[in-house]
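Please read the following report alongside the sequence and the coordinates. It turns to strand pairing, then to the packing of helices, the nonpolar core and the contact between chains.

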Amino acid sequence: MASSLTAADVERIAALAHLELDEAEKALYTKQLAGILAYAAEIQQIDTTGVPPTSHVLPQQSTERDDEVRPSLAREESLGNAPDASVDDGLFKVPRVIG
Amino acid sequence: MTPPPTAGALRDAFVSGARSADDICRAALARIERHDPALHAFNTVAADRALARAAELDRFRARSRTGLEALPLAGVPVAVKDTICTRGIRTTASSRMLEQFVPPYDATAIIRLERAGAIVIGKTNCDEFAMGSSNENSAFGPVRNPWDRERTPGGSSGGSAAAVAAALTPIALGSDTGGSIRQPAALCGVVGLKPAYGRVSRYGLMAFASSLEQIGPFGRTVADAAHVLEAIAGVDPCDATTVSLPVPPLAAGLTGDIRGLRIGVPRALLDEGVEAGVRRAVTDALAVLEARGGRLVDIDLPRAKHAIPVYYLVATAEASSNLARYDGVRYGFRAAPEGDTDLHTMYCRTRDQGFGPEVKRRIMLGTYVLSAGYYEAYYLKAQQVRTLIRQDYEAAFEQVDAVAMPTSPTAAFRLGEKLADPLQMYLADVFTVSANLTGLPAVSVPCGFTPSRLPVGLQLVGRGFDEATILRIADAYERDTGWWGQMPEGVDAA
């Protein structure tokens, strides 16, 4: 099942992850990720037939609370760390969306 | 040489009136000014906020002696890892992405520490977004190990460990996703505790791998670490994964009596790849525990050897999802526009320029193992083996009350030694990641030095939510050894 990773795979993953990698990074990650995945392939030899996956160590628990109105951050504070925002209008500002 | 004051001693000096909080706080700031240029343990020193808080505590003491008695950390300076949000104090995760980020709120652990009387003195350097085992992934340069400045303090909470090792502060907070408290504690010769998963609120901790990580304490002594855990533990409506179990009295349970406790030793795990000086120190430590009445029991954890690949598949998958939020819109860095940049290009450039190499490597790996066609072979398989590792520990805890092993297979390695080979760096976490995969509590306690005088840590892993037993064993060990009071050469104790 383990496959060797290609430069095309790295480009596809970088696009999924929203990372604009340069050529040197692509070459480095192709080599390094292939090495890590080859090492990780050892777990594929382990028999896990019928073994349930662990996504979380705590037993399933639902917590409930009363639906009360509580204070939240002021608009200036919420927008205060944004690279570009208009506090008066309550907006995060971004570059144009459609090309 | 007189050992530096513990948190307990500073608190007593403040409560009794022997020292003011202002005096304690200024002494800590002066030590940071004197020693930190060579160590680089701090990203930000919050002198103004700390002194204001100290003045508040001094006024409170003048008003209410009895109120003061209820504060277990009254007047004690604390260093906080820079992945834990502090209102009004820059919190960077040692990333260019958050270099100018000033949180508008405090993490729950910070609120609770301050409620216990502690003084937040600054934010400590770490691997970027807590990803690393050497501190070399900090965008601001590595922390240096106080015992040998050419060596790593460990990671990712290396700044917190170094700050306590050099007695800049008696206690510190870190976060532990795969060993990030325990491994630097071992490499710097201090106590570091990863609480059971769900014990401490993660609200306000910058998320890396949500199913694995916990905030926890560093201290020079086990008792100090226990006091901090008591202060920060407990259910929190802001983190639905905190459990409503009562927090037992931990510090009061440090009786020194471990007679009859069964301590499991996974011999097979220790045979491979453990440096001779580390193995000797750990073996000697086990003999000390036996002499105190602990019973050593050989155990087998057959699937634990697969913990590293399982960990790096699970942790990177969670990281790729958690770090999707850094997109240059709501907070943090945004890449400068070039010409008529559209939104999508801005996202991709921001993330390429804002994240360092190890963070990008992990986002890439995590995205890959979650992607169509690979999910079953890597991510799902890793989660199934995670179940098998849990079952190994469950079986072991039918025979024993705690499991003992080295915290790290080696003492502090040289800066640069493993930087070019990420896989070698990952193997440094072989003994620590299982406690994160299983959610079990684990503590690292100093257990001596290698022949080249580098600290070694003994790790004790406990049953679910049984921090009390591992702390009791660690404290009993500490009583028979004087490691906690030793100071690195060139760092005064006063």
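## Strand pairing in chain B

In strand β6 of chain B, Ile215(B) is the bridge partner of Ser175(B). The model is a predicted one, in which local features need pLDDT of at least 70 and side-chain atom pairs count only at pLDDT 80 or more, while totals for chains, interfaces and linings use all residues. Residues are numbered from 1 along each chain as its sequence is written, and chains are lettered from A and ligands numbered from 1 in the order in which they are written. Helices (H or I, at least four residues) and strands (E, at least two) are DSSP runs, numbered from the N terminus, and two strands pair if DSSP finds at least two bridges between them.

β6(B) runs antiparallel to strand β4 (residues 171-176) of chain B, to which six bridges join it. With strand β5 (residues 191-194) of chain B, β6(B) also pairs in the antiparallel sense, over two bridges, and there Gly219(B) stands opposite Val191(B). Six of the six residues of β6(B) (residues 214-219) are buried, so this strand is largely enclosed by the rest of the structure; a residue counts as buried if 20 or more other C-beta atoms, placed from the backbone, lie within 10 Å of its own.

Strand β7 (residues 262-265) of chain B has parallel partners, and the following residue pairs are found along it.

| Residue in β7(B) | Opposite residue | Strands and bridges joining them |
|---|---|---|
| Val265(B) | Asp298(B) in β8(B) | β7(B) and β8(B), four bridges |
| Gly264(B) | Val403(B) in β9(B) | β7(B) and β9(B), two bridges |
| Ile263(B) | Ala402(B) in β9(B) | β7(B) and β9(B), two bridges |

Taken as a whole, 11 strands of chain B form an open sheet with mixed pairing, in the order β1-β3-β2-β4-β6-β5-β10-β11-β9-β7-β8. β1 (42-45) and β8 of chain B stand at the edges with a single partner strand each, so one side of each is left without a neighbour in the sheet. Direction ignored, neighbouring strands of this sheet are turned by 30° against each other on average.

## Helices and core

Helix α8 (residues 222-232) of chain B packs on the sheet, where it touches β4, β5, β6 and β10 (442-449) of chain B, and its direction makes about 145° with that of β6(B). Helix α17 (residues 467-479) of chain B likewise packs on the sheet, touching β7, β9, β10 and β11 (455-462) of chain B, with a direction at about 10° to that of β10(B). For these angles, axes are lines fitted to C-alpha atoms, for helices over the stretch in contact, and angles run from 0 to 180 degrees between N-to-C directions; residues are in contact if their C-beta atoms, placed from the backbone, lie within 7 Å.

Eight of the eight residues of helix α6 (residues 158-165) of chain B are buried, so this helix is largely enclosed by the rest of the structure. α6(B) is followed by Ala167(B), whose phi is positive, near 55°.

The largest nonpolar core (a set of buried Ala, Val, Leu, Ile, Met, Phe, Trp, Tyr and Cys residues joined through C-beta atoms within 7 Å) has 176 residues, and those with the most contacts inside it include Val78(B), Phe218(B) and Ile473(B). The largest share of this core, 10 residues, comes from α11(B).

## Contact between the chains

In the contact between chains, 56 residues of chain B meet 44 residues of chain A. The largest share of the chain B side, 12 residues, comes from α14(B).

Conventions: Contact = placed C-beta atoms within 7 Å. Buried ≥ 20, exposed ≤ 12 C-beta atoms within 10 Å, placed from the backbone.
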